[in-house]
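Here is a model to look at, followed by questions on how its descriptions are justified. Each answer sets a value against a criterion.

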Amino acid sequence: GLAPPPRAGRAEGLLATAPRLVFGPAGPGGWLIVADLPPDMLGGYPEALAGDEGRLLGNMLRALRLDTGEHPVHLVRVHRGSGGASGGDDMPRPMGDVLDAQCTPLAPSVVLALGPLAAQALLQRTGPIGKLRGEVQPLPGGPLAGVPAMASYPLTYLLRCGADKGNAWAGLCRAGAAAT
């Protein structure tokens with residue numbers, strides 16, 4: 001028989017790293033950022049705010065004053081991969097496993113999906129990031145169902161195309177309003 005067509009938003013084939021605390025106190029609430037950030041050229045996962053993408057993200061979060069330490073900000077790196085890795089806590093695992101086991105206890109107030117892989121999987125919709133971004137919407141299913149979410153451009157794209165930084169900033173502000 002024929003295999004069923006892929007459903008919108010399925011996280012199959014996506015790997016995610018364990019959430020890393022970027023700013024604030026450890027604990028529930030705050031922000032969960034799920035970003036399309038593949039491993040570096042050596043296959044490693046640098047610190048959350050390392051590299052050009054990390055500096056851009058850090059600057060965006062500081063501009064929203066999320067570095068004040070009032071609320072936790074966690075980052076999960078997502079990328080395409082084949083199979084899950086076994087080993088230490090720093091190894092990527094299937095995205096669904098990471099959301100269930102490690103992100104659900106964080107009980108985020110808002111989820112920011114940076115890039116099409118994260119946005120499509122979390123919002124359970126297909127389409128380009130330009131169509132998915134721009135509005136706060138509740139996550140439709142899974143362990144974080146109902147949490148307000150905002151999709152935005154991937155950090156690597158914003159580094160190349162500065163013209164869309166204003167749109168990204170507007171979306172970030174809307175996500176900030178949804179978190180309060």
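Q: Where does Gln124 lie in this predicted model?
A: Gln124 sits in the loop between α3 and α4 (129-132). Helix α3 is directly followed by Gln124.

Q: What is notable about the phi of Gln124?
A: Most residues other than glycine have a negative phi. Gln124 is not a glycine, yet its phi is positive, about 55°.

Q: Why is Gln124 called partly exposed?
A: The partly exposed class lies between 20% and 50% relative accessible area. Gln124 has 38%, so it is partly exposed.

Q: What makes α3 a mostly covered helix?
A: Six of the eight residues of α3 are buried. They are Leu117, Ala118, Ala119, Ala121, Leu122 and Leu123.

Q: Which other residue that is not a glycine has a positive phi, of about 45°?
A: Ala107 has that value. Ala107 belongs to the loop between α2 and β6. With 42% relative accessibility, Ala107 falls between the limits of 20% and 50% and therefore counts as partly exposed.

Q: What is the sign of phi at Arg65, the residue that follows α1?
A: The phi of Arg65 is positive, near 65°.

Q: How do you know that the length of α1 agrees with its number of residues?
A: Helix α1 covers residues 51-63, which is 13 residues. At 1.5 Å a residue the expected span is 18 Å, and the end C-alpha atoms are 18 Å apart, so the two agree.

Q: Which residues of α1 are buried, and what covers them?
A: The buried residues are Gly54, Leu56, Leu57, Gly58, Met60 and Leu61. Their cover includes the strands β2 (20-23), β3 (31-36), β4 (73-80) and β6 (110-114). It also includes the helices α5 (155-160) and α6 (165-179).

Q: How do you know that the buried residues of α2 lie on the same side of the helix?
A: In α2 (residues 95-103) the buried residues are Met95, Val98, Leu99 and Cys103. They cover an arc of only 100° around the axis, which puts them on the same side of α2. In an α-helix there are 3.6 residues a turn, so residues three or four places apart point the same way.

Q: What do the buried residues of α2 pack against?
A: They pack against β1 (14-16), β3, β4, β5 (93-94) and α3 (116-123).

Q: Why is Leu139 called buried?
A: Buried means under 20% relative accessible area. Leu139 has 4% relative accessibility, so it counts as buried. Leu139 is found in the loop between β7 (137-138) and β8 (148-152).

Q: What does Leu139 touch, apart from residues up to four places away in sequence?
A: Leu139 touches Val111, Leu122, Leu123, Leu144, Ala145, Gly146, Val147 and Ala149. Between the C-alpha atoms of Leu139 and Met150, eleven residues apart along the chain, the separation is 9.3 Å.

Q: Which residues have the most contacts inside the largest nonpolar core?
A: They are Ile33, Val34, Met95 and Val111, in a core of 50 residues. Helix α3 supplies the largest share of this core, six residues. Outside its neighbours within four places in sequence, Val34 is in contact with Val76, Val78, Met95, Val111, Leu112, Ala113, Leu114, Ala118 and Leu122.

Q: Why is the aromatic pair of Tyr153 and Tyr157 called tilted?
A: The structure holds one aromatic pair. In this pair, Tyr153 and Tyr157 are 5.1 Å apart centre to centre, with 35° between the planes. Ring centres must lie within 6.5 Å to pair, and planes under 30 degrees apart would be stacked, over 60 edge-to-face. An angle of 35° falls in neither range, so the pair is tilted.

Q: What makes Tyr153 buried and Tyr157 partly exposed?
A: The limit for buried is under 20%. Tyr153, at 9% relative accessibility, therefore counts as buried. Tyr157, at 22%, therefore counts as partly exposed.

Q: How many helices and strands does the protein chain have, and how much of the chain is buried?
A: There are six helices and eight strands. Buried residues make up 42% of the 180 residues.

Methods
Residues numbered from 1 in each chain as written. Predicted model: local features only at pLDDT ≥ 70, side-chain atom pairs only at ≥ 80, totals over all residues. Heavy atoms only, no water. Helix = DSSP H or I, 4+ residues; strand = E, 2+ residues; numbered from the N terminus. Expected span 1.5 Å × (residues − 1). Buried < 20%, exposed > 50% of the residue type's maximum accessible area, 1.4 Å probe, protein only. Contact = heavy atoms within 4.5 Å. Arc of directions from axis to C-beta. Phe/Tyr/Trp six-rings, centres within 6.5 Å; stacked < 30°, edge-to-face > 60°. Core = buried A, V, L, I, M, F, W, Y, C linked by side-chain atoms within 4.5 Å.
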